[in-house]
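Work through these exercises with the model open beside you. Try each task before you read its solution.

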Amino acid sequence: MATSAEKLYVLGMDIGGTNSVFGVVDQRGNVLATDSVKTQQYTHVEDYVKAISEKVKPLVKKFGGIDSFKGFGIGAPNGNYYSGTIEFAPNLPWKGVIPLAAMFEEAVGIPCALTNDANAAAIGEMTYGVARGMKDFIMITLGTGVGSGIVINGQLVYGHDGFAGELGHVIVRRENGRLCGCGRKGCLEAYCSATGVARTAREFLVARPGPSLLREISAEEITSKDVYEAAVKGDQLAKDIFNYTGTILGEALADFIAFSSPEAIVLFGGLAKSGAYIMKPIQKAIDENVLKIFKGKTKLLVSELKDADAAVLGASALGWEAKSI
């Protein structure tokens, strides 16, 4: 049997509202193999765990079996590092409190640890990305929802219950605020996630007459990618959508800077790759709203890591510390 020194690999998995991506990671942080499933197609968490396990087990066998693996780290929406549970995640199909770490440990046979998906991405960025060497930064994930990982003095902030850092659910619009998946109105996530951009597009198309490439797409099928592609082609409505989104996000980031005075704010996810269309209005709103004592001190950066790799690598870092539940 392998000794602890011979445990050469860990598993890392990022559970997103749309896709769940998992992979095998070695001691040097190389992602050696990956696979994925569609998160939303499994309405019962038991079926989801079974589907993931059936894909994970051949990967484990390929790399020497369970004796070669130290642990299984998972990043998940509303993931609680202390308990290994997912609790009332608005963008996942399973409601209530789900003991996911224990379920995967039983199914796969490898010690499992779990944390919030944005925290996992922050760990990945701090270890392998643009936040290397930083002790104070905020990671903002712009995907199906808006997540955040807050690092202060080199430590992730978990809070007393494991749920600190839900910056996607600060209220940014109180007057006629949009209903968020969490049940509240006016949350940042309802405006600045990929789904929020699509909602803005539908609202703008109704409120603003005139030509737009976005009118060629069924309103219910518009995605943030469609908005980006229209903006690249010079569509003014699409550019206005990005200006609106970036302004709201920048105003919120100015508040976050006042909270922890980070060296940098790192944006991660597909929406962050929209270039100047989103970055210019974000920076402008930060500059116009940040307190004078913080002005010009916080860098606005875009993650250098591949979308899947940052979260998978971050989650895998938990795997090296995982202990049997």
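In which hand, left or right, does H6 cross H7?

**Before you start**

This is a predicted model, in which local features need pLDDT of at least 70, side-chain atom pairs count only at pLDDT 80 or more, and totals for chains, interfaces and linings use all residues. Residues are numbered from 1 along each chain as its sequence is written, and side-chain values use heavy atoms, with hydrogens and water left out.

**Exercise 1. Describe how H6 packs on H7.**

Step 1. Find the helices. H6 covers 224-232 and H7 covers 236-260. Helices are DSSP runs of H or I with at least four residues, strands are runs of E with at least two, and both are numbered from the N terminus.

Step 2. Read the angle. H6 and H7 pack at about 120°, and their axes are 7 Å apart. Axes are lines fitted to C-alpha atoms, for helices over the stretch in contact, and angles run from 0 to 180 degrees between N-to-C directions.

Step 3. Classify it. The two helices, H6 and H7, are therefore oblique to each other. (Under 35 degrees is roughly parallel, over 145 roughly antiparallel, 65 to 115 roughly perpendicular, and the rest oblique.)

Step 4. Give the hand. The crossing of H6 and H7 is left-handed. (Left-handed: the near helix is turned anticlockwise from the far one by less than a right angle; right-handed: clockwise.)

Step 5. List the contacts (heavy atoms within 4.5 Å). Val 227, Tyr 228, Ala 230 and Ala 231 of H6 meet Ala 238, Lys 239, Ile 241 and Phe 242 of H7. These contact residues divide into 7 nonpolar, no polar and 1 charged. (Nonpolar: Ala, Val, Leu, Ile, Met, Phe, Trp, Tyr, Cys and Pro; charged: Asp, Glu, Lys and Arg; polar: the others, Gly among them.)

**Exercise 2. Describe how H5 packs on H7.**

Step 1. The angle between H5 and H7 is about 125°, with the axes 10 Å apart. That makes H5 oblique to H7.

Step 2. H5 and H7 cross in a right-handed way.

Step 3. From H5 come Val 197, Thr 200, Ala 201, Phe 204 and Leu 205; they meet Leu 237, Asp 240, Ile 241, Tyr 244 and Thr 245 in H7. The split is 7 nonpolar, 2 polar and 1 charged.

**Exercise 3. Describe how H1 packs on H2.**

Step 1. H1 spans residues 45-62 and H2 spans residues 100-108; their axes come within 10 Å and cross at roughly 45°. That makes H1 oblique to H2.

Step 2. The crossing of H1 and H2 is right-handed.

Step 3. H1 residues in the contact include Tyr 48, Val 49 and Ile 52, and H2 residues include Leu 100, Met 103 and Phe 104. The contact of H1 with H2 divides into 10 nonpolar, 1 polar and 2 charged residues.

**Exercise 4. Which helix gives the most residues to the largest nonpolar core?**

Step 1. Size the core. The largest nonpolar core has 44 residues. (A nonpolar core is a set of buried Ala, Val, Leu, Ile, Met, Phe, Trp, Tyr and Cys residues joined through side-chain atoms within 4.5 Å.)

Step 2. Name the elements. Strands S9, S10 and S12 and helices H4, H5, H6, H7 and H8 each supply at least two residues of this core.

Step 3. Pick the helix. H7 gives the most, with 11 residues.

Step 4. Zoom in. Leu 253 is among the residues with the most contacts inside the core. Leaving out residues up to four places away in sequence, Leu 253 touches Ile 140, Ile 265, Ile 282, Ile 286 and Leu 300.

Step 5. Look for another core. A second, separate core has 34 residues, including Phe 22, Val 37, Val 49 and Ile 98.

**Exercise 5. Are these residues buried, partly exposed or exposed: Asn 80, Leu 32 and Phe 88?**

Step 1. Recall the limits. Buried means under 20% relative accessible area, exposed over 50%, and partly exposed in between (1.4 Å probe, protein chains only).

Step 2. Asn 80 lies in strand S5. Its relative accessibility is 4%, so Asn 80 is buried.

Step 3. Leu 32 lies in strand S3. At 37%, Leu 32 is partly exposed.

Step 4. Phe 88 lies in the loop between S6 and S7. At 55%, Phe 88 is exposed. Its phi is near 55°, a positive value in a residue other than glycine.
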